[in-house]
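Ready for some practice in reading a protein fold? Take a look at the structure shown here, then try each exercise before you peek at its solution.

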Amino acid sequence: MAESFYDAFAPEEIARIAAAGTRVHLPQGWSPIWEQTPADKAYIILDGTVSVRHHGQEIAQLGPGDIVGEAAIVNHSLRTASIVALTPLELIHFTDDAVRRLCDEMPSFRSALDGVALERFGPR
């Protein structure tokens, strides 16, 4: 398992991915993604920790190098979990169009997203 979502990429690819998004800061307690809402954005966590919650119960904590919100975009589905900032966050925000464009233009990006999905939702 990769330590960071970025571990799968060469430096030029990381620069391209980062350039496709917008750097944002969110305060502790903020919830940028809500369960059962449309898939309109994804984030790569640069700094901080989030709680992943399904029906109000924490199912995971994620931190620097992790991507969140991508599964619903890739699967064209509603969100399956909410994300809550346990600390102040520094993130790269991606629109759904940016995620889809990166998947189309960079097979390595799509492959990395598929790997995350398999790790989180695949056979256990």
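Below are five exercises with worked solutions, all based on a predicted model.

**Exercise 1. Work out how many helices and strands the protein chain has, and in which pattern they follow each other.**

Step 1: Count the elements. The protein chain has four helices and seven strands.

Step 2: Now walk along the sequence and write down each element as you meet it. You get α-β-β-β-β-β-α-β-β-α-α.

Step 3: Check the overall size. The C-alpha trace spans about 35 × 30 × 25 Å along its principal axes.

Step 4: Compare with the globule rule. The radius of gyration is 13 Å, close to the 14 Å that the rule gives for 124 residues, so the protein chain is as compact as a globular protein of that length.

**Exercise 2. Find out which residues touch the most other members of the largest nonpolar core, and which elements give two or more residues to this core.**

Step 1: Start with the core itself. It holds 22 residues, and those touching the most other members are Phe5, Phe9, Ile17, Phe94, Val99, Phe109 and Leu113.

Step 2: Look for the elements behind it. Strand 2 (41–47), helix 2 (70–75), strand 7 (89–95), helix 3 (96–105) and helix 4 (107–121) each give two or more residues.

Step 3: Don't stop there! A second, separate core has 13 residues, including Tyr43, Ala81, Ile83 and Ala85.

Step 4: Zoom in on Leu113. Leaving aside neighbours within four places in sequence, Leu113 is in contact with Phe5, Ile67, Glu70, Val74, Val99 and Cys103.

**Exercise 3. Decide whether the ring pair of Phe5 and Phe109 is stacked or edge-to-face.**

Step 1: Search the whole structure for aromatic pairs. There are three of them.

Step 2: Pick out Phe5 and Phe109 and check distance and angle. Their ring centres are 5.8 Å apart and their planes stand at 90°; planes over 60 degrees apart count as edge-to-face, so this pair is edge-to-face.

Step 3: Ask where the two partners sit. Phe5 is in the segment before helix 1 (11–19) and Phe109 is in helix 4, so to speak a long-distance link, with their positions 104 residues apart.

Step 4: Add the surroundings. Both Phe5 and Phe109 are buried, and ring pairs join Phe5, Phe9 and Phe109 into a cluster.

**Exercise 4. Find out where the buried residues Ala98, Val99, Leu102 and Cys103 lie around helix 3: on the same side or on opposite sides?**

Step 1: Recall a bit of helix geometry. An α-helix has 3.6 residues a turn, so residues three or four places apart point the same way.

Step 2: List the buried residues. In helix 3 they include Ala98, Val99, Leu102 and Cys103.

Step 3: Check the arc. These residues cover only 135° around the axis, which puts them on the same side of helix 3.

**Exercise 5. For His55 and His76, give the phi value and the loop, and say whether each residue is buried or exposed.**

Step 1: Take His55. Its phi is near 55°, a positive value in a residue other than glycine. His55 lies in the loop between strand 3 (50–54) and strand 4 (57–62).

Step 2: Judge its accessibility. Exposed means over 50%, so at 64% His55 counts as exposed.

Step 3: Do the same for His76. Here phi is near 50°, again positive in a residue other than glycine, and the loop is the one between helix 2 and strand 6 (82–85). At 62% relative accessibility, His76 counts as exposed too.

Terms used. Residues numbered from 1 in each chain as written. Predicted model: local features only at pLDDT ≥ 70, side-chain atom pairs only at ≥ 80, totals over all residues. Heavy atoms only, no water. Core = buried A, V, L, I, M, F, W, Y, C linked by side-chain atoms within 4.5 Å. Buried < 20%, exposed > 50% of the residue type's maximum accessible area, 1.4 Å probe, protein only. Contact = heavy atoms within 4.5 Å. Phe/Tyr/Trp six-rings, centres within 6.5 Å; stacked < 30°, edge-to-face > 60°. Rg over C-alpha atoms; globule rule 2.2 N^0.38 Å. Arc of directions from axis to C-beta.
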